[in-house]
Amino acid sequence: LKEFYLDHDINWRRHGIASPGDCYYFDEYTPGITAGHRGWNIETLDTGMHEAPYEKHVVADLLRSRKEIKKLTQSRGSVLLDDPPDRSSPRLDYLSQISFEDYLTDILRCDPIVSDFHSLYLIDALGGTARHVNAHSSINFLAGEFGDDLFTFPGGTSELAKRVTLWLQGRGRSKPFDTIPKIELSAAVLRIDIDRSVKRSSAKVVYFRDGVFRRVSAKTVIVATQSQVARHFVEHLLDDDRKAAWGEFNTVPVAIANVALRSAKPLHQLGLGYSQAWWGSKYWANFGVADWVTDRRNNPDRPTVLTFFGGNRASPEELPN
């Protein structure tokens, strides 16, 4: 992602996420918690981890797990875990065949509470607890959160979309945005076809917008969406083996809710960061503060939006329910 930003003339170092970052709420619902503790821990994945309200041996295991994860992903040499996986050392392939919980408890010999702690962050990011997701993916993901160079989209995702569009057109760097081609919003794609009757094959896309069915032609179409959606656009173009393979994907529903606040004063008074997590809710795992990464976070009287992410603690067969 850093390389991608630099290729689009975005200096990602100027857009770092200032402290605090991740904050956890510990109370009687937290497994293994110190008796009677209740309250927020600030910068839990960084400086706050030393003060997590667990027994000393659990805190030591937590710190050791963070150290080992960073070692696997930040070292240079023959033993290195990277993303995409093909860039990783083959010696670490075994991590894709065990769960992250197995890695923590069987390989690192950590207290089982450590697995539950990391699950709280993995749940909405990878769609399951440490018992449900593999170690290779989990370590790669958590390593990014344990880094000291987290950054956000400058100008929001719309800014990034503009720059990507220019890049796809091969227009070079730093071009004015008044040359952006037409981008359709609130449109639902229905089908993609390939016309091989012409000398050079072309693609056609049928979509629905403003109560009207529309068709557009192009030399190339990039289907950039999740597999459970993409498969329906091109199902008639697939052979039986591809259809069967796509049908085996196991996807996880994640409920997301946005809640508007008239005032951010409570968040400001608590000293919370951009992402908060807790154990006590039946349906939710954590929430993010929409404008925390901007200078507006210093204004306690501002209105803001909280985005709550689903918990995914149910077993895989129960998740759809």
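Two strands are taken to pair if DSSP finds at least two bridges between them. On that basis, Ile-192 stands opposite Val-205, a residue of strand β4. The model described here is predicted, and its sheets, helices and loops are treated in turn below.

The strand that faces β4 in this pairing is β3, and seven bridges join β3 to β4 (residues 202-209) in an antiparallel arrangement. A further pair of bridge partners is formed by Ile-194 and Ala-203, the latter in β4. The two strands make up a hairpin, with six residues between β3 and β4. On to β5, β4 is again joined by seven bridges, and these two strands also run antiparallel. Here Ala-203 stands opposite Ala-218 of β5. Ala-203 thus has a partner in the bridge with Ile-194 and faces Ala-218 in β5. A hairpin is likewise formed by β4 and β5, with two residues between them. In the turn of this hairpin, Asp-210 has a positive phi of about 55°.

Taken together, three strands form an open sheet in the order β3-β4-β5, with antiparallel pairing. Its edges are β3 and β5 (212-218), each of which pairs on one side only. On average, neighbouring strands of this sheet are turned by 20° against each other, direction ignored.

A second open sheet consists of six strands in the order β2-β1-β7-β8-β9-β6, and its pairing is mixed. The edge positions are taken by β2 (39-41) and β6 (256-261), and each of these strands pairs on one side only. In this sheet the average turn between neighbouring strands is 25°, direction ignored. Strands of a sheet pair through backbone hydrogen bonds, in either the parallel or the antiparallel sense. The parallel sense is found between β1 and β7 (residues 275-278), which pair over four bridges. Within this pair, Tyr-24 stands opposite Ala-277 in β7. Helix α4 packs on the sheet and touches β1, β7, β8 (284-289) and β9 (304-310). The direction of α4 makes about 120° with that of β1.

Among the helices, the packing of α2 and α5 was examined. Two packed helices are described by the angle between their axes and the distance between the axes. Helix α2 (residues 56-74) and helix α5 (residues 135-145) pack at an angle of about 95°, and their axes are 9 Å apart. Because angles of 65 to 115 degrees count as roughly perpendicular, α2 is roughly perpendicular to α5. On the α2 side, the residues that meet α5 are Ile-69, Leu-72 and Thr-73. They are met on the α5 side by Ile-139, Asn-140, Leu-142 and Ala-143. Sorted by class, this contact of α2 with α5 holds five nonpolar and two polar residues, with no charged residues.

Helix α3 contributes the buried residues Phe-100, Tyr-103 and Leu-104. These residues cover an arc of only 90° around the axis and therefore lie on the same side of α3. An α-helix has 3.6 residues a turn, so residues three or four places apart point the same way. The packing partners of the buried residues of α3 are α2, α4 and α5. Helices α2 and α5, which pack on each other, are thus both among the elements against which the buried residues of α3 pack.

Several loop residues have backbone features of note. Helix α3 is followed by Arg-109, whose phi is positive, near 60°. Arg-109 is not a glycine, and its place is in the loop between α3 (100-107) and α4 (112-126). With a relative accessibility of 63%, Arg-109 counts as exposed, because the cut-off for that class is over 50%. A positive phi, of about 55°, is also found at Ser-186, which is not a glycine either. Ser-186 lies in the loop between α6 (157-168) and β3 (188-195), ahead of the strand that forms one edge of the three-stranded sheet. Ser-186 likewise counts as exposed, at 73% relative accessibility.

A cis peptide bond joins Ser-19 and Pro-20, with omega at about 0°. Pro-20 is found in the loop between α1 (2-7) and β1 (22-26). The strand at the end of this loop, β1, is the one that pairs with β7 in the parallel sense.

Conventions
Residues are numbered from 1 along each chain as its sequence is written. This is a predicted model: local features need pLDDT of at least 70, side-chain atom pairs count only at pLDDT 80 or more; totals for chains, interfaces and linings use all residues. Side-chain values use heavy atoms; hydrogens and water are left out. Axes are lines fitted to C-alpha atoms, for helices over the stretch in contact, and angles run from 0 to 180 degrees between N-to-C directions. Angles under 35 degrees count as roughly parallel, over 145 as roughly antiparallel, 65 to 115 as roughly perpendicular and the rest as oblique. Contact means heavy atoms within 4.5 Å. Ala, Val, Leu, Ile, Met, Phe, Trp, Tyr, Cys and Pro count as nonpolar, Asp, Glu, Lys and Arg as charged, and the others, Gly among them, as polar. Buried means under 20% relative accessible area, exposed over 50%, partly exposed in between (1.4 Å probe, protein chains only). The arc is that of the directions from the helix axis to the C-beta atoms.
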